[in-house]
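Please open the structure in a viewer and keep the sequence beside it. The tour below proceeds by selection, with a short account of what each selection shows.

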Amino acid sequence: MIIDCAHYRDGRRHVDGAVSVQEAAALSKERGFTWLGLYQPDGDELSEVQAAFGLHELAVEDAQSVHMRPKLETYDGGVRLVVLRTARYDDAAEEVQFGQISVFLAPSFVIAVRRGAASGLRGARQRLEQRPELLELGSPSALWAILDQVVDDYLPVIAGLETDIDQIEATVFSGTVAPTERIYSLRGEATDFYRAVHPLLAVMNTVMREFTAPQLQPYLRDVQDHVLQCNEEVAAQRELLASVLQANIAVLSVEQTRVSLQQNTTMERLTVLSTIFLPLTFVTGFFGQNFGWLVGHVDGFGSFAVYGIGGLVIPLTLLSLWLRRRPPETDAVGVSVTNGEKQPVR
């Protein structure tokens with residue numbers, strides 16, 4: 001679908017309104033250059049554009065593909081294909097949505113094909129139209145406007161990632177376990193964003209080398225500086241997320257150790273209680289049997305005190321003496337623990 005088409009000559013726009021692909025191709029043969037904007041065209045539309053402007057079939061094939069890395073290719077006739085990745089951050093889903101802009105650049109025309117969550121180029125076109133001194137430089141000025149728009153739209157993505165990373169970092173370094181899945185997800189988004197930004201450095205170097213108009217160089221250097229800044233920020237975010245992930249694993253390990261210690265303490269208490277009640281259960285069970293000689297001899301309080309209470313006190317006393325005289329425990333570093341004090345084992 002054609003979004004906009006205009007012919008620029010002497011720093012001014014001379015065609016306004018909807019035009020066909022053939023009309024746009026005819027305008028490109030006049031003095032100046034034609035800027036044609038397409039949004040998610042189908043195969044038939046691209047074939048029509050290819051035939052009208054004489055584009056290389058491989059360049060059109062690249063424009064039909066999505067999720068390609070940024071690149072710059074030169075084809076026959078001096079037509080250049082610049083592929084850019086666009087990005088937009090969805091804060092609710094904590095994910096980066098990517099799109100693509102394929103720019104066919106020749107001295108007489110600029111064709112911008114947008115797909116996916118692409119940056120809107122209306123603002124780029126309007127800013128360029130307000131700078132007639134740049135428009136007079138020809139089609140490279142349109143490429144600068146597109147590059148500037150795409151790179152400027154990277155900054156909100158970096159800010160959105162930074163906000164979510166700060167939240168996770170504050171959670172982890174406060175000693176609270178953060179959802180590991182969230183950290184992995186954000187690191188994946190930062191990695192995908194890095195793959196969209198980092199190759200753009202090579203593209204900008206080529207653009208700076210091939211388009212040497214003195215009036216345009218300062219603007220291209222400004223875009224290059226922004227790309228360098230974005231690349232450094234995204235690389236730092238990836239490293240920070242890796243560190244946060246390791247810290248979260250450490251916090252998780254400490255939390256698991258604390259839970260294990262609590263469970264061990266509980267098991268120790270239950271073991272002591274079981275040890276105490278085991279002989280008592282035996283004694284009470286023994287005296288609960290209805291043997292004649294046993295029942296006949298327990299006929300008063302004295303007999304009950306001797307056989308009953310004494311039968312409970314004696315095993316408890318023996319158990320206490322056995323617990324006190326058991327060998328000292330040795331911890332993992334070869335230190336014996338006796339009466340709560342640690343002494344080296346010789």
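The stops that follow concern strands, salt bridges, a helix and a single residue.

The model is predicted.

**First stop: strand E6**

Select residues 95–106, which make up strand E6. Of its 12 residues, 10 are buried, so the strand is largely enclosed by the rest of the structure.

Next, add strand E5, residues 80–90. E5 and E6 run in the antiparallel sense and pair over 11 bridges. To see how the two strands are aligned, select Leu 81 and Phe 104: Leu 81 stands opposite Phe 104, which belongs to E6. Then move to the turn of this hairpin, where four residues lie between the strands. Glu 94 is the residue to pick out here, as it takes a positive phi near 55 degrees.

Now add strand E7, residues 109–116. E7 also pairs with E6 in the antiparallel sense, in this case over eight bridges. Select Ser 102 and Val 113 to view one pair of bridge partners, with Val 113 in E7. The hairpin formed by E6 and E7 has two residues between its strands.

With the strands still on display, the side chains may be shown. In a regular strand the side chains alternate between the two faces of the sheet.

**Second stop: the salt bridges**

The count of salt bridges in the model comes to 10. Three of the pairs are visited here, beginning with Arg 13 and Glu 129.

In this pair the closest N and O atoms are 2.9 Å apart. Arg 13 lies in strand E2 (residues 12–13) and Glu 129 in helix H4 (residues 122–129), so the salt bridge ties together parts that are 116 residues apart in sequence. Both residues are partly exposed: the relative accessible area is 27% for Arg 13 and 28% for Glu 129.

Select Lys 71 and Asp 62 next. Their salt bridge has its closest N and O atoms 2.9 Å apart. Asp 62 counts as buried, at 14% relative accessibility.

Then select Arg 182 and Asp 164, whose closest N and O atoms are 4.0 Å apart. This pair links distant parts of the chain, with Arg 182 in helix H8 (residues 180–197) and Asp 164 in helix H7 (residues 154–173), 18 residues apart. Is each partner buried or partly exposed? Arg 182 is partly exposed, with a relative accessible area of 24%, whereas Asp 164 is buried, at 3%.

To conclude this stop, select Asp 4, Arg 13, Arg 125 and Glu 129 together. Salt bridges that share partners join these four residues into one network.

**Third stop: helix H8**

Return to H8, the helix that contains Arg 182. H8 has 18 residues and reaches 26 Å from its first C-alpha to its last, close to the 26 Å expected at 1.5 Å a residue. Colour its buried residues: Ile 183, Leu 186, Glu 189, Ala 190, Thr 191, Phe 193, Ala 196 and Val 197. An α-helix has 3.6 residues a turn, so residues three or four places apart point the same way.

**Last stop: Thr 34**

Finally, select Thr 34, which is placed in strand E3 (residues 33–39). Thr 34 counts as buried, at 1% relative accessibility. Which residues is Thr 34 in contact with, leaving aside its neighbours within four places in sequence? They are Cys 5, Ala 6, His 7, Ala 24, Leu 27, Ser 28, Ser 108, Phe 109 and Val 110.

Notes
Residues numbered from 1 in each chain as written. Predicted model: local features only at pLDDT ≥ 70, side-chain atom pairs only at ≥ 80, totals over all residues. Heavy atoms only, no water. Buried < 20%, exposed > 50% of the residue type's maximum accessible area, 1.4 Å probe, protein only. Pairing = 2+ DSSP bridges. Salt bridge = Lys/Arg side-chain N within 4 Å of Asp/Glu carboxyl O. Expected span 1.5 Å × (residues − 1). Contact = heavy atoms within 4.5 Å.
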